[in-house]
Structures are given as C-alpha cells and as structure tokens.
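Visitor: Could you walk me through this one? I'd like to hear the reasoning behind the labels, not just the labels.

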Amino acid sequence: MKILFKILDYIISVLMGTGTLFLVSLVVSESWNMFLAMIMGMVLGIVVLLLAVVLFISVATVFELFPVGMIITMFTGMTTAMVITIVEIDFKLMLVATVAFSLFAQFWIDSYNMKLKGDVQIDK
Amino acid sequence: MTNNTDTKWWSKWDNAAKTFDIMNSGIEVRYGERKREWFSRSDGRTLLVAVGTGLDLQYFPSEQKVVGIDISSKMLEKAKGKLNVNTSNIELVRADVQMLGFADNSFDSVVTSCTFCSVPDPVSGLEELKRVMKPGGKLLMFEHVRSNIFWMGPMMDLLTYVSRKVGPDLNRRTKENVIRAGFKLKQEINIYLDMVKFFEAIKPL
C-alpha cells in the first residue's frame, strides 16, 4: 500500500508540474512584461495546486500535497512564464524539463522527510 | 458556551461538516493505521476532543469508554450516524474544549486528532483538558503544526490568513502550547516533515 501511495505522489507531482506548464503557456504570451508574467505564472501555479488538492484529497493529504506542490507549481509557473517572455519556447523540451523537475522535487521532499521522520529529542 | 468574543466562531465547522469526511479521507487512508496504533495507548475513560463526524471512533476498541466532544452540532449529527452496536460505550456531547462541563480528574486519557489547529485559545483549551484529566493521565495528540523549515514556516503563516476563514490555522505551535499548559511532554514523533506529529504528554502527579 505504501509503495502505491509513493507512486501516486510522483504521478500527482508530475500532473501538477505539467498542468502548470500547460496553463501558463495558454495564458502568458511573449508580449507580456517579464515581471508581471512571472507573477502570473506563480498565481496560475497556485491555482493548479488548489485544483490538485481538490482532485486528490481522497487519496492524498493536504499536508503532503502543499509543500511539494508549492515548490513544483510556483517554480514551474514562474520559470515557464519567464521563458515565454524571453524566447520562443520549445514546448517538448519544456515538458521534459518540467517532468524531470517535478520528479526531482518529489524525491527531494521525500528524502528530507526521511531525515526528519521519527522520534524528536525532547528537551528535559 | 465560549468566552470567545465571536460567539459563532464554530459556525465554519457547521459548514465544513458537509464535506468533512471527503476532505479527511486522504488522512484516514494514509495515517489511519498509525493513528489506531497511537490511540491504543489511551486507556480507561477517554475524552476524544473534536470528534468531528466520528472518523476517529473506529480507532478505539469497542470496550473502551469514550466521550467524544465537538463544538459543532452538525458534526455531531454525522458522528451519531456512525454509532452502532459495537460502539455502545461511546457518548457524544456538544462542548467547547475551552470550557468543559466535566468534573476535575474525571478522565484517564485524552485524545486529539487535528484539533488544536482550530481551538481559538489553544492554551486555555489544553489547561481545561489538564483539569479534567486524572494526575498521571495521558494526552495523545495527532496534530499538524507550524513547520520550522525556513521557507515553509513563513508560507504557513501567510496561508493561515486564508485557511482560518474556512477551516484550521496552519501555523500553530502545539508543542509549546502543551508545555505552557503545564503538561509534561513525554514523546514527540514527526510523521510528515516537521509539520504532522504525534505527541504524548502526561498530566504531572
């Protein structure tokens, strides 16, 4: 069961990343001011995160979705928006980068969780 | 029922009752067995604070005497629907943890599950729990708290401005509150990062 939840976490992370990439590419165009585009990218990322929470709340917890979700969606949103305003994006490349980043972020949070998990020293 | 100046602070929990089960199903699916294990440390007459819609009632053995309280009547209505012949030792009472109507030293154990993220004055709530607990009684908690991770804590502070409108605060310092209320902290376990935790505390003799 634990391994299924872990796989699910990685799938959700990739969906959040790619969902943000798609949404930002739809909304932001190269004519936008870069700063505004980056802000919009982060906002759209948060929208995707909230959607993911609603969609996956029955199999995941808000506690687990938010930390990794914030990293993935806000960073992907901001970066995608920035890239759109600078160069013509290679969508395939962006998609691969987003999937890789989402998987890495989930792995990083999991590793950090493994470090923190368990008994905490109590001050006597 | 409460000292709080906002006399209807619990109305958000009446509203949340409709979607409470689905909003918490992920927690039950992922942490249910660990909660069962943790709550099995409780014994004797047990007070379950913020019983909600009764999702946690399944984690107590049928012979254990459990009094479940909640501030929301809508939540309690749903919890009553979950009671059956196997739960005849369970009593449900509408009550505010900050002002309990139980006698001093009347419970052997107290259990909370994502409770002290929502109590307006957590220290006064914990002091009330200490009052109704017998000396040496156990307080077992499953709570989410403010993270000390450098970027997560401030983020949780910010999100709390929104989350408290419809549900819990995300930035409670429950460990510190437990100690301030006069409990002796016995064990603290990180369940997810440093934001979801089990606590075991004792009412000093």
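Guide: Sure, let's start with a pocket, keeping in mind that this is a predicted model. The second largest pocket has 26 residues in its lining, and A:Lys2, A:Glu64, A:Lys117, B:Arg30 and B:Tyr31 are the ones nearest its centre. Two or more lining residues come from each of helix H1 (2-27), helix H3 (62-86) and helix H4 (91-116) of chain A, and from H2 and strand S6 (184-192) of chain B. Its volume is about 650 Å³.

Visitor: How do the residues of that lining divide into nonpolar, polar and charged?

Guide: Twelve are nonpolar, four polar and ten charged.

Visitor: Why does B:Glu28 count as buried?

Guide: The cut-off for buried is under 20% relative accessible area. B:Glu28 comes in at 14%, so it counts as buried. You'll find B:Glu28 in helix H2 (residues 20-39) of chain B.

Visitor: What makes the link between the side chains of B:Glu28 and B:Tyr59 a polar contact?

Guide: A polar contact needs a pair of N or O atoms within 3.5 Å, one able to donate a hydrogen and the other to accept it. The one joining these two side chains is 2.5 Å, so it falls inside that limit. Beyond its neighbours within four places in sequence, B:Glu28 is in contact with B:Tyr59 and also with B:Lys35, B:Leu55, B:Asp56 and B:Gln58.

Visitor: And why is B:Leu159 called partly exposed?

Guide: Partly exposed sits between the 20% and 50% cut-offs. B:Leu159 has a relative accessible area of 27%, so that's the label it gets. B:Leu159 belongs to helix H5 (residues 152-166) of chain B. Setting aside neighbours within four places in sequence, B:Leu159 is in contact with A:Phe66, A:Met70 and B:Leu170.

Visitor: Which residues have the most contacts inside the largest nonpolar core?

Guide: A:Met16, A:Phe63, B:Tyr31, B:Phe39, B:Leu48 and B:Phe142, in a core of 45 residues. H3(A) supplies the largest share, seven residues. There's also a second, separate core of 27 residues, with A:Ile122, B:Leu100, B:Val178 and B:Phe183 among them.

Visitor: What is B:Phe39 in contact with, leaving aside its neighbours within four places in sequence?

Guide: Its partners are B:Asp56, B:Tyr59, B:Phe60, B:Val111, B:Thr112, B:Ser113, B:Leu140 and B:Phe142.

Visitor: Which elements help cover the buried residues of H4(B)?

Guide: Among them are strand S1 (46-49), strand S4 (107-113), strand S5 (133-144) and helix H6 (174-180) of chain B. The buried residues of that helix include B:Pro122, B:Leu126 and B:Glu128.

Technical notes
Residues are numbered from 1 along each chain as its sequence is written. Chains are lettered from A and ligands numbered from 1 in the order in which they are written. This is a predicted model: local features need pLDDT of at least 70, side-chain atom pairs count only at pLDDT 80 or more; totals for chains, interfaces and linings use all residues. Side-chain values use heavy atoms; hydrogens and water are left out. Helices (H or I, at least four residues) and strands (E, at least two) are DSSP runs, numbered from the N terminus. Buried means under 20% relative accessible area, exposed over 50%, partly exposed in between (1.4 Å probe, protein chains only). Contact means heavy atoms within 4.5 Å. On a 1 Å grid over the protein atoms alone, a cavity is a set of points where a 1.4 Å probe fits but cannot get out, and a pocket is an open set with protein on both sides within 12 Å along at least five of seven lines; lining residues have an atom within 4 Å of a point. Grid points are joined across faces, edges and corners, and a volume is the space filled by probe spheres set on the points. Ala, Val, Leu, Ile, Met, Phe, Trp, Tyr, Cys and Pro count as nonpolar, Asp, Glu, Lys and Arg as charged, and the others, Gly among them, as polar. A nonpolar core is a set of buried Ala, Val, Leu, Ile, Met, Phe, Trp, Tyr and Cys residues joined through side-chain atoms within 4.5 Å.
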